[in-house]
Amino acid sequence: TIDRLDFSTETVSVPTPKLSTAKSSLAAVSSSSYGYFGGGYVSTIDRLDFSTETRTTPTPKLSQAKFDLAAVSSSSYGYFGGGSGVCTIDRLDFSTETRTTPPTSQLSSARRNLAATSSSSYGYFGGGIGPVNPTGSSGIDRLDFLTETVTTSSPIVTLKYELAAVSSSSYGYFAGGRNISIFNTIARLDFSTETVTAPSRSLTQTK
């Protein structure tokens, strides 16, 4: 199922469309017109039309079946990164709905259970767990939307996986997560300086 949150009233309803199949551990990106749900132990991508709230399954698929991945969007493309213990990033072209894997766009290491956030110029994939970091990663990989190259940015404060991320126009926030412990801390990434700090506020409980 798909739950719809009304931004004006903050009420939740369940519109008619459903995903093509039951899925877990998937990721999503959006253009101005559509939302795309990719992966979830499969390679298919479901498209949600924002104007009609209908769901279709367009032609493109991810390069392989993936789970526990993360995703970011630029104005032209959606990027599905990592998952299933891989380092590849799949790019979805919003205008043509074709999927490619840019050769320069790979995470610094294979990992899953990561989180992602973005500014207008960059996408940031943080944390995760994989063969190189079996107890969790504190690294942030930065995807340049213009050149589609990946570099490393300032690390989040703690080794983490199973975290989540959001963004404002100025900051990205990586929250929660776990390794041996479960955390309620929030790491703030300043988009202008690419420095990471831990603001005084934390989540209400470990998550």
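This section describes the pockets, aromatic pairs and ring-charge contacts of a predicted model.

The largest pocket has a volume of about 370 Å³. Its lining consists of Ile-2, Asp-3, Arg-4, Leu-5, Phe-7, Pro-15, Phe-37, Leu-48, Phe-50 and Glu-53. When these residues are sorted by class, 7 are nonpolar and 3 are charged, while no polar residue is present.

For the second largest pocket, a volume of about 270 Å³ was computed. The lining here comprises 13 residues, and those nearest the centre of the pocket are Ala-28, Ala-71, Ala-116, Thr-117 and Ala-165. Four strands, namely β3 (26–30), β8 (70–73), β12 (115–118) and β16 (161–167), each contribute at least two lining residues. Of the elements involved, β12 gives the most, with 4 residues. The class composition of this second lining is 10 nonpolar and 3 polar residues, with no charged residues. Charged residues are thus absent from the lining of the second largest pocket, whereas the lining of the largest pocket has 3 of them.

Aromatic contacts were examined next. The structure holds 8 aromatic pairs. In one of them, Tyr-41 and Phe-67, the ring centres are 4.2 Å apart and the planes lie at 0°, so the pair is classed as stacked. This pair links distant parts of the chain, 26 residues apart: Tyr-41 belongs to the loop between β4 (34–39) and β5 (42–49), and Phe-67 to the loop between β7 (61–66) and β8. Tyr-41 has a relative accessibility of 47% and therefore counts as partly exposed. Phe-67, with a relative accessible area of 21%, is likewise partly exposed; the threshold for burial is under 20%.

Tyr-171 and Tyr-173 form a further pair, with ring centres 6.2 Å apart and planes at 55°. This pair counts as tilted because edge-to-face geometry requires an angle over 60 degrees, and stacking one under 30 degrees. Tyr-171 is partly exposed at 25% relative accessibility, and Tyr-173 is also partly exposed, at a relative accessible area of 26%. In addition, Tyr-34, Tyr-36 and Phe-94 make up one aromatic cluster.

Two arginine residues are placed over tyrosine rings. Arg-91 lies over the face of Tyr-77, at a distance of 4.3 Å from the ring centre. Arg-142 is positioned over the face of Tyr-122, where the distance from the ring centre is 4.1 Å.

Note on methods: Residues are numbered from 1 along each chain as its sequence is written. This is a predicted model: local features need pLDDT of at least 70, side-chain atom pairs count only at pLDDT 80 or more; totals for chains, interfaces and linings use all residues. Side-chain values use heavy atoms; hydrogens and water are left out. On a 1 Å grid over the protein atoms alone, a cavity is a set of points where a 1.4 Å probe fits but cannot get out, and a pocket is an open set with protein on both sides within 12 Å along at least five of seven lines; lining residues have an atom within 4 Å of a point. Grid points are joined across faces, edges and corners, and a volume is the space filled by probe spheres set on the points. Ala, Val, Leu, Ile, Met, Phe, Trp, Tyr, Cys and Pro count as nonpolar, Asp, Glu, Lys and Arg as charged, and the others, Gly among them, as polar. Rings of Phe, Tyr and Trp (its six-membered ring) pair if their centres lie within 6.5 Å; planes under 30 degrees apart count as stacked, over 60 as edge-to-face and the rest as tilted. Buried means under 20% relative accessible area, exposed over 50%, partly exposed in between (1.4 Å probe, protein chains only). A charge sits over a ring if NZ of Lys or CZ of Arg is within 6 Å of the ring centre and within 35 degrees of the ring normal.
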